[in-house]
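Here are a few short exercises to try with the model open on your screen. Have a go at each one before reading its solution.

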Amino acid sequence: MWNGKKKALTFSYDDGNFQDIKLIDIFNKYGMKATFNLNSGLMNDKGDWVTTQGRTVRRLRTDNIAEIYKGHEVAVHCATHPHIIDMPEEELRREILDDKAALEKLFDCKINGMAYPYGEVSPEIMRITGECGIKFSRTCWDLHGFQPQTDLLMFRATCHHNYEKLWELVDEFLAYDGDEPIYFCLWGHSYEFDIHENWQLIEEFCRKLSDSNDIFYGTNSEVLLEQQL
Ligand SMILES: [Zn+2]
């Protein structure tokens with residue numbers, strides 16, 4: 001339970017693109033709290049890329065960054081967004097620890113969480129991640145439901161925002177009145193709303209789930225680590 005509530009809502013958004021500014025405006029408008037997984041080594045020209053549709057996706061620079069994410073949580077996504085399957089252990093450790101240290105300095109806070117770049121994970125990666133002081137790390141293997149997590153170092157979100165049965169899950173979540181606490185974790189990348197021209201989807205999702213007395217709105221850390229029985 002969270003503050004006596006049996007339901008919680010949280011968001012996990014990756015890569016730290018400029019569109020996060022617009023997304024945060026929407027989250028703030030509806031009283032939502034999110035966790036943003038950032039690559040501290042790509043907050044420069046190296047981090048920008050062009051989509052197959054020819055659209056340039058730009059990452060936020062370090063200027064003013066603590067102000068932009070104020071009120072939300074930031075978490076590790078590895079310094080340079082590498083493929084980490086089969087990466088030598090020392091290199092992976094450096095990617096995680098460098099990102100964690102840089103973010104802790106930029107945001108003047110302690111970092112608990114992470115999202116695996118490209119969702120790549122293995123028992124070995126989980127072990128190294130835990131040894132680096134990370135308490136939870138998100139995969140891309142979505143639950144598509146509200147089952148409990150088996151291991152927070154293989155944290156599974158409820159679904160991506162483009163999941164075709166998103167609204168069925170929303171209705172199931174709103175109607176839930178069971179004894180077990182459950183939470184909804186939505187994930188994605190904010191630039192996808194520009195590419196798919198579907199900003200109205202996240203606005204509608206937040207509107208529909210906002211202002212509910214039986215839902216706790218928290219960051220990933222608040223929902224995953226501060227749950228009380
Ligand atoms: Zn990513």
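**Exercise 1.** Work out how E1 and strand E10 (residues 215–217) pair, and over how many bridges.

*Solution.* Start with the direction: E1 and E10 pair in the parallel sense, over three bridges. Pairing here takes at least two DSSP bridges between two strands, and strands are DSSP runs (E) of at least two residues, helices (H or I) of at least four, numbered from the N terminus. Next, find a matching pair: Leu9 sits opposite Tyr217 in E10.

By the way, this is a predicted model, where local features need pLDDT of at least 70, side-chain atom pairs count only at pLDDT 80 or more, and totals for chains, interfaces and linings use all residues. Residue numbers start from 1 along each chain as its sequence is written.

**Exercise 2.** Find which strand is joined to E1 by seven bridges.

*Solution.* That's E9 (residues 182–188), which runs parallel to E1. To check the register, look at Tyr13: opposite it stands Gly188 in E9.

**Exercise 3.** Are the residues of E1 (residues 7–14) buried or exposed?

*Solution.* Count first: eight of its eight residues are buried (20 or more other C-beta atoms within 10 Å of the residue's own, with C-beta atoms placed from the backbone). Then split them by face: Lys7, Leu9, Phe11 and Tyr13 lie on one side, Ala8, Thr10, Ser12 and Asp14 on the other.

**Exercise 4.** Look at E1 and strand E2 (residues 34–38): how many bridges join them?

*Solution.* Four, and the two strands run parallel. For a landmark, Ser12 stands opposite Thr35 in E2.

Conventions: Buried ≥ 20, exposed ≤ 12 C-beta atoms within 10 Å, placed from the backbone.
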